[in-house]
Amino acid sequence: MNDLPDPVYKAQPEKEEKSSHFRTILVALATCTLLAGAGVHFIGSNNNTSSHTPSAAGAGDNQGADASQQRMGIQLSLIAPEKAAEALASSGYSEKEQADILAGVKRRDLRLVAMPIFDATGTGGTVNVVCGTMHRTVALQTTPTVLILPISVAGNVDILPVSDPGIVGIGSGVITMFGPQVLPVMHQGDSLGLTVIAQ
């Protein structure tokens, strides 16, 4: 009877020591993970701050350079050349604009893409969509408004707020070849640059 209590008594402190070592290792791993995450966040926030600072300053030359560097690439559906006239008829372009665009499509200088744009945040708003010399004013709604855009193989499209974005800003989205894509929220004085690729 004296032999039984000793092993049981000795086993309990060993289990406590193992669990305390295990707990210490977990705390150390959690601390390392938090420090690594904080470092990545700090580095990322510094990069974002430095890239947005020149555009906020409003310098004309620097703003154009920053806009070209910060453009998001999106892939949009290509409209077949034989359906170009039909697509342009309901596009909202003037007759002269339609004729110029159609001539460019026939010369194969231009391609037509469909860009469905919608209100992604539920705050509404009106934006100007500028593609080369063409521009369209769109009141954002939850139901997408399909814009017909003339581009070369890849083209630049700029979205600018027309109505006052207010504090919450204007949040738009587009439907790409891969599905809906929410675009960054725009505030007063912002513009959003996209590089459209026709697929």
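These legends accompany a set of close-up views of a predicted model.

**View 1. The whole chain, with its four helices and nine strands.**
Let us start with the overall layout before moving in. Reading from the N terminus, the elements follow the order α-α-β-α-α-β-β-β-β-β-β-β-β. The chain has 199 residues, and 27% of them count as buried. Taking contacts between residues at least 6 apart in sequence, 69% join residues at least 24 apart.

**View 2. Strand S9 and its two pairing partners, S1 and S6.**
Here we look at S9, which spans residues 192–198. Five of the seven residues of S9 are buried, so the strand is mostly covered. Strand S1 (residues 72–79) pairs with S9 in the parallel sense, over five bridges. Strand S6 (residues 154–161) runs antiparallel to S9 and is joined to it by six bridges. A good residue to find in this view is Ile197 of S9: Gln75 stands opposite it, and Ile197 is also the bridge partner of Ala154.

**View 3. Arg71 and its polar contact with Asp158.**
Arg71 sits in the loop between helix H2 (60–69) and S1. Which side chain does the side chain of Arg71 meet in a polar contact? The partner is the side chain of Asp158, at 2.8 Å. A polar atom of the Arg71 side chain also lies 3.4 Å from the backbone oxygen of Val157. With neighbours within four places in sequence left aside, the contacts of Arg71 are Asn156, Val157, Asp158, Gly193, Leu194 and Thr195.

**View 4. Helix H4, with its buried residues on the same side.**
H4 covers residues 95–106. At 1.5 Å a residue, its twelve residues should span 16 Å, and this agrees with the 16 Å between its end C-alpha atoms. Four names to look for are Gln98, Ile101, Gly104 and Val105, the buried residues of H4. They lie on the same side of the helix because they cover an arc of only 130° around the axis. What do these buried residues pack against? Their neighbours are helix H3 (84–89) and the strands S2 (111–119), S4 (134–139) and S5 (145–151). Turn to the other side of H4 and you will find Glu95, Lys96 and Lys106, which are exposed.

**View 5. Arg108, a residue with positive phi after H4.**
Just beyond the helix, the backbone deserves a careful look. Arg108 belongs to the loop between H4 and S2. Most residues other than glycine have a negative phi. Arg108 is not a glycine, yet its phi is positive, at about 70°. Is Arg108 buried or exposed? Its relative accessibility is 76%, so Arg108 counts as exposed, the cut-off being over 50%.

**View 6. The largest nonpolar core, made of 34 residues.**
The residues with the most contacts inside this core are Met115, Ile117, Val127, Val129, Leu149 and Ile159. S2 gives the most to the core, contributing five residues. Ile117 makes a handy centre for this view. Apart from neighbours within four places in sequence, Ile117 has contacts that include Val127, Val129 and Ile159. Also among its contacts are Val138, Leu140, Leu147 and Val174, along with Thr143, Pro144 and Thr145.

**View 7. The hairpin of S7 and S8.**
S7 holds residues 172–176 and S8 holds residues 179–182. How many residues lie between the two strands of this hairpin? There are two. The strands pair in the antiparallel sense over four bridges. Within the pair, Ile175 stands opposite Pro180 of S8.

**View 8. Two loop residues, Ala80 and Ser191.**
Ala80 is located in the loop between S1 and H3. With a relative accessible area of 26%, Ala80 is partly exposed. Although 31 residues separate Ala80 from Arg111 in sequence, their C-alpha atoms are 8.4 Å apart. Ser191 is located in the loop between S8 and S9, and it is partly exposed at 43% relative accessible area. Ser191 and Asp158 are 33 residues apart in sequence, with 6.8 Å between their C-alpha atoms. Leaving out residues up to four places away in sequence, Ser191 touches Ile159 and Leu160.

Methods:
Residues are numbered from 1 along each chain as its sequence is written. This is a predicted model: local features need pLDDT of at least 70, side-chain atom pairs count only at pLDDT 80 or more; totals for chains, interfaces and linings use all residues. Side-chain values use heavy atoms; hydrogens and water are left out. Buried means under 20% relative accessible area, exposed over 50%, partly exposed in between (1.4 Å probe, protein chains only). Two strands pair if DSSP finds at least two bridges between them. A polar contact is a pair of N or O atoms within 3.5 Å; within protein, one must be able to donate a hydrogen and the other to accept it, and residues adjacent in sequence count only if both atoms are side-chain atoms. Contact means heavy atoms within 4.5 Å. The expected span of a helix is 1.5 Å times one less than its number of residues. The arc is that of the directions from the helix axis to the C-beta atoms. A nonpolar core is a set of buried Ala, Val, Leu, Ile, Met, Phe, Trp, Tyr and Cys residues joined through side-chain atoms within 4.5 Å.
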